[in-house]
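Let's walk through this one together, from the overall fold down to a pair of helices. Have the structure open and turn it as you read.

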Amino acid sequence: MTLEEMRALLEESLPRKRYEHSVRVYETAMQMAEVCNADKNKVAIAALLHDCGRQIPTKESLSKALALGISVDGTEAAQPILLHAKLGVYYAIHQYGINAEDSEVLDAIRYHSTGNADMTETAKIVFLADMIEPKRDFEGVKEIRDAAFKDLDRAMFLSYKNTIDYLLEDNALIHPDAIAGYNQLAARYKTEKEEKKRK
Ligand SMILES: [Fe+2]
Ligand SMILES: [Fe+2]
């Protein structure tokens with residue numbers, strides 16, 4: 001399927017607002033890919049399709065995931081909105097023709113909402129483009145937006161902190177993948193800070 005065909009199918013499948021958000025995420029991700037010399041083809045597909053799992057309304061996502069044989073962890077069962085990422089991986093393969101071995105594209109979709117440790121550049125770009133697309137407006141977005149075009153890991157770190165703060169405030173659950181992503185970067189920056197102090 002060409003990118004244009006994917007876009008047309010996405011437009012048919014998603015609610016209008018979600019489709020328009022997807023296009024903004026795609027455009028933002030392409031600007032970021034330009035700056036950091038990423039694989040534009042992978043970024044384009046993953047960014048455009050990142051929310052394709054949203055074709056299933058949140059209230060149906062748990063039963064749909066179980067019916068499709070998708071593994072559901074405890075955090076996802078308690079907070080089924082998270083499942084749109086795994087449902088997205090399923091539809092990317094079965095509806096949009098993405099090769100099931102294409103982990104670059106599929107992992108970017110899988111981790112776009114939670115993040116994770118050891119993310120690829122493509123996955124970081126999609127995660128961040130989703131955070132900072134032009135209509136996103138929350139406290140701290142400017143700082144993340146600026147960092148996203150200079151230092152992907154720094155922007156990821158700021159995003160984890162912002163999201164975890166928000167989830168705590170909201171008494172929501174925090175997915176272990178988000179903690180893993182945060183911890184990996186926190187450990188790195190902690191070491192760097194200590195090394196600087198020693199010099
Ligand atoms: Fe999403
Ligand atoms: Fe999104």
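Start with the contacts: of those in the protein between residues at least 6 apart in sequence, 60% join residues at least 24 apart. Keep in mind that this is a predicted model. Buried residues account for 38% of the 199 residues.

What are those residues built into? The protein has eleven helices and zero strands, so the radius of gyration is a handy next check: at 17 Å it's close to the 16 Å that the globule rule gives for 199 residues, and the protein is therefore as compact as a globular protein of that length. Along the principal axes, the C-alpha trace spans about 55 × 35 × 35 Å.

Now head for helix α11, residues 176-198. With 23 residues at 1.5 Å a residue, α11 should span 33 Å, and its end C-alpha atoms are indeed 33 Å apart, so the two agree. Asp177, Ala178, Gly181 and Tyr182 are buried in this helix. Their spacing is worth a look, because an α-helix has 3.6 residues a turn and residues three or four places apart point the same way. What covers the buried residues of α11 includes α10 (152-169).

For a helix pair, try α4 (residues 58-67) and α6 (residues 83-94), which pack at an angle of about 45 degrees with their axes 10 Å apart. That angle makes α4 oblique to α6, and the crossing of the two is left-handed. Where do they meet? Ser61, Leu62, Lys64 and Ala65 in α4 meet Leu83, His84, Lys86 and Leu87 in α6.

How values were computed
Residues are numbered from 1 along each chain as its sequence is written. Chains are lettered from A and ligands numbered from 1 in the order in which they are written. This is a predicted model: local features need pLDDT of at least 70, side-chain atom pairs count only at pLDDT 80 or more; totals for chains, interfaces and linings use all residues. Helices (H or I, at least four residues) and strands (E, at least two) are DSSP runs, numbered from the N terminus. The radius of gyration is taken over C-alpha atoms; the globule rule is 2.2 Å times the number of residues to the power 0.38. A residue is buried if 20 or more other C-beta atoms lie within 10 Å of its own, exposed if 12 or fewer, and partly exposed in between; C-beta atoms are placed from the backbone. Two residues are in contact if their C-beta atoms, placed from the backbone, lie within 7 Å. The expected span of a helix is 1.5 Å times one less than its number of residues. Axes are lines fitted to C-alpha atoms, for helices over the stretch in contact, and angles run from 0 to 180 degrees between N-to-C directions. Angles under 35 degrees count as roughly parallel, over 145 as roughly antiparallel, 65 to 115 as roughly perpendicular and the rest as oblique. A crossing is left-handed if the near helix is turned anticlockwise from the far one by less than a right angle, and right-handed if clockwise.
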